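Visitor: Please pick one buried position in this model and look at it closely. Then work outward from it to the helices and rings, and keep the account in one piece.

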Amino acid sequence: MHAKQDCGTIKKATGESPINLLKKMNETKESIETLTEISKNQAVGYYNITPEFAQEILDEYNEQNRDMRPCSIKTRTLVLDMEDGNFFPSLIKFDKNGSLIDGQHRLYAVTKQNRPVTFIVETGADSESIFMTDIGNPRSWADRFTLAVFKEWGLPKSYRSRAASISMFWQDWCDGKSSTNSGAIYSFAERLKFLTDNKDSILFAAKFLPNDENGRLFKRKAFSMPLAMLHSIDPVKAQEFAFEAVNGYDLKGEKLKRSNPAYYVHSLITTTSVQDWQDTKWQARRVLLAMQYFLNGKNIRKDAKVESVTQLKG
């Protein structure tokens, strides 16, 4: 592994290797030919990129990339992760002509910091590789949680995406950001803290549901997220409610009355389709309402109106 070096600026030095040239720091700035010469040979090393140098790269060497999206959720999350120290060395790539072909949004995030950030820098890459960058699936939140805690918790792969989804929906909902377009932004540290703080309830909701047809319907966030909320208040009641809502009968095998809050949810989930995000919010609010009636030991009317929720935040 190469030693980390601060690359504030790069000084042209004919005959030196790309890595040695990159180690030249805090020297007078030169023209675009500097990076062009450095990039003629292929090499890789670990370096600390300063905010000033990141901006210089974006200004001078970033003609080939797609338009920047500084306000995207992904980019804003990168900024927060770097601030929290939860960003691990990632790749910044230049082609043989000195042009940046991978890493513009990462470099943009660096410009918002007050310190250098470590990257793996590759020079001399094939210019055609830009067409193969970011066309696959980006690392999901479930992937990141897996590396951080899911493996340690022994959570099977089949539950990881659901657990991540429940955690994020719950966090957004409680902070009043229950919309995919609300701009709800959290750093990885914030997401991870919420997940670990509510570990037992999230894992209960993720793992409880069966893999039959009813289980598939109840895996919707509109049910599984409120179930996690209910578990955080009363785990025993959550177990009972989940069983009755999924099956439509109680633990004794007797069919539920229509006025039973669990039956209200059973009917809601099994007869109402979800087409978009608005449908999900609509269902979630009604599930939360029924759960509150259940906690209060009251029956519920079919036409019950969504009202203020006390213990369950809706």
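**A close look at Ala245**

Guide: Ala245 has a relative accessibility of 0%, so this residue counts as buried. The model is a predicted one, and every value here is computed from it. Ala245 belongs to helix α12, which covers residues 235-247. Leaving out residues up to four places away in sequence, Ala245 touches Phe218, Phe223, Ala262, Val265 and His266. Tyr263 lies 18 residues from Ala245 along the chain, and the C-alpha atoms of these two are separated by 5.7 Å.

The chain around this position can be put in outline. It has 14 helices and five strands. It is 314 residues long, and 49% of those residues count as buried. Of the contacts between residues at least 6 apart in sequence, 68% join residues at least 24 apart.

His231 is the next stop, in helix α11. With a relative accessible area of 12%, His231 is buried, because the limit for that class is under 20%. Setting aside neighbours within four places in sequence, His231 is in contact with Asp200, Ser201, Phe204 and Ala238. The C-alpha atoms of His231 and Phe204 are 7.7 Å apart, with their positions 27 residues apart along the chain.

Where does His231 fit among the helices? It is one of the α11 residues in the contact between α9 and α11. In general, two packed helices are described by the angle between their axes and the distance between the axes. Helix α9 (residues 199-208) and helix α11 (residues 221-233) pack at about 135°, and their axes are 8 Å apart. That angle makes α9 oblique to α11, because it falls neither over 145 degrees nor between 65 and 115. The crossing of these two helices is right-handed. On the α9 side the contact is made by Asp200, Ser201, Ile202, Phe204 and Ala205, and on the α11 side by Ser224, Leu227, Ala228, His231 and Ser232.

A second helix pair can be described in the same terms. Helix α3 (residues 51-60) packs with α5 at an angle of about 140°, with 8 Å between the axes. This makes α3 oblique to α5. Here α3 passes α5 in a left-handed crossing, whereas the crossing of α9 and α11 is right-handed. From α3 the contact takes in Pro51, Ala54, Gln55, Ile57 and Leu58, and from α5 it takes in Gln104, Leu107, Tyr108, Val110 and Thr111. Helix α5 (residues 104-111) is mostly covered, with eight of its eight residues buried. Charged and polar side chains are on that list: the buried residues of α5 include Gln104, His105, Arg106 and Thr111. Leu107, Tyr108, Ala109 and Val110 are buried in α5 too.

The aromatic rings come next. The structure holds 11 aromatic pairs. In one of them, Phe150 and Trp153, the ring centres are 5.8 Å apart and the planes are at 55°, so the pair is tilted. Both residues are in helix α6 (residues 141-153), and because they are three residues apart there, about one helical turn separates them. Phe150 has a relative accessible area of 0%, so Phe150 is buried. Phe243 and Tyr249 also have their ring centres 5.8 Å apart, but their planes are at 80°, so this pair is edge-to-face. Phe243 has a relative accessible area of 25% and is partly exposed, and Tyr249 is likewise partly exposed, at 34%.

Phe150 and Trp153 also belong to one aromatic cluster, together with Trp141, Phe145 and Phe188. Trp141 has a charged partner as well: the charged end of Arg191 sits over the ring of Trp141, 5.6 Å from its centre. A lysine does something comparable elsewhere, as Lys237 lies over the face of Phe294 at 5.3 Å from the ring centre.

One more tryptophan can be added. Trp173 is in helix α7, residues 157-174. It has a relative accessibility of 4% and therefore counts as buried. Trp173 and Ala284 are 111 residues apart along the chain, and their C-alpha atoms are separated by 10.0 Å.

To return to the start, Ala245 in helix α12 has Tyr263 at a C-alpha separation of 5.7 Å, and its contacts include Phe218 and Phe223.

Definitions and conventions:
Residues are numbered from 1 along each chain as its sequence is written. This is a predicted model: local features need pLDDT of at least 70, side-chain atom pairs count only at pLDDT 80 or more; totals for chains, interfaces and linings use all residues. Side-chain values use heavy atoms; hydrogens and water are left out. Rings of Phe, Tyr and Trp (its six-membered ring) pair if their centres lie within 6.5 Å; planes under 30 degrees apart count as stacked, over 60 as edge-to-face and the rest as tilted. Helices (H or I, at least four residues) and strands (E, at least two) are DSSP runs, numbered from the N terminus. Buried means under 20% relative accessible area, exposed over 50%, partly exposed in between (1.4 Å probe, protein chains only). A charge sits over a ring if NZ of Lys or CZ of Arg is within 6 Å of the ring centre and within 35 degrees of the ring normal. Axes are lines fitted to C-alpha atoms, for helices over the stretch in contact, and angles run from 0 to 180 degrees between N-to-C directions. Angles under 35 degrees count as roughly parallel, over 145 as roughly antiparallel, 65 to 115 as roughly perpendicular and the rest as oblique. A crossing is left-handed if the near helix is turned anticlockwise from the far one by less than a right angle, and right-handed if clockwise. Contact means heavy atoms within 4.5 Å.
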